[in-house]
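Please walk me through this structure, starting from one of its helices and working outward to the chain as a whole.

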Amino acid sequence: MPPAPPRAWQRMLSGRRLDLLDPTPVDIEIEDIAHGLAFVARWNGQTKGDWPYSVAEHSLLVERIFTRAGKAPEPRWQLAALLHDAPEYVIGDMISPVKAAVGPDYGALDARLSAAIHIRFGLPAVLPVTIKRRIKAADKVSAWLEATQIAGFSEAEANRFFGRPDPEHLQGLLLNLTPPADARARMLARHAELLAQL
């Protein structure tokens, strides 16, 4: 008798079982996403402060930068920006060098999870290219801010890796690390606000 295939699902605190090989929107809950992201550290935890800088905090920052950069962006695209790293609630946050080492399988897994998450919250499974580019631009501004404020990069080094952001995008954006419970609550609140506008 052949051995049973390895388990490819994760049990969530909501009680859902998310199949990583075939994720379905019905098994995705925002409470699980916000909780997971609030406990996933960006920069492999190599940040200043008494708390790890979480992917939930990063997600809120990216959505804020995305919203600022657009002229009255549609709430659905703001929601897409907020959820841009949502798959990391189950696969964790890998820094770019690790993603490159893992290869295309990481991208395929991320794409499957993203599609299921998008459908669950009323977004297209695959975002329009223009929206993806705008979210990526906001993500790069966020990376620059994080690098210079909490990850120990000099501005010159951050400019080399992430590009020098428009100073207009940086105004008033000071990172203030918070406990996971606070980050989770803020992400849930922002998700609810945006969902109510759809």
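The buried residues of H6 are Tyr106, Leu109, Leu113, Ser114, Ala115, Ala116, Ile117 and His118, where buried means under 20% relative accessible area, exposed over 50% and partly exposed in between, with a 1.4 Å probe and protein chains only. Their cover includes strand E2 (17-19), H1, H4 and helix H5 (96-102); helices (H or I, at least four residues) and strands (E, at least two) are DSSP runs, numbered from the N terminus. The model is a predicted one, in which local features need pLDDT of at least 70 and side-chain atom pairs count only at pLDDT 80 or more, while totals for chains, interfaces and linings use all residues. Residues are numbered from 1 along each chain as its sequence is written, and side-chain values use heavy atoms, with hydrogens and water left out.

H6 has 17 residues and reaches 25 Å from its first C-alpha to its last, close to the 24 Å expected at 1.5 Å a residue, the expected span being 1.5 Å times one less than the number of residues. Just after H6, Gly122 takes a positive phi of about 80 degrees.

A second helix to follow is H10, whose buried residues are Pro180, Ala183, Met187, Arg190, His191 and Leu194. Seen down the axis of H10, these buried residues fall within an arc of 105 degrees, so they line one face of the helix; the arc is that of the directions from the helix axis to the C-beta atoms. This face of buried residues packs against H1, H2 and H3, contact meaning heavy atoms within 4.5 Å.

Met187 of H10 also belongs to the largest nonpolar core, which has 54 residues and in which Ile33, Leu83, Tyr89 and Met187 touch the most other members. Such a core is a set of buried Ala, Val, Leu, Ile, Met, Phe, Trp, Tyr and Cys residues joined through side-chain atoms within 4.5 Å. The elements that give two or more residues to this core include helix H1 (30-38), helix H4 (88-91), helix H6 (104-120) and helix H10 (180-196). Leaving aside neighbours within four places in sequence, Tyr89 is in contact with residues including Met12, Leu18, Ile33 and Ile117.

Turning to the chain as a whole, there are 10 helices and 2 strands, and from the N terminus on the elements run β-β-α-α-α-α-α-α-α-α-α-α. Of the 198 residues, 44% count as buried. Along its principal axes the C-alpha trace spans about 60 × 35 × 35 Å.
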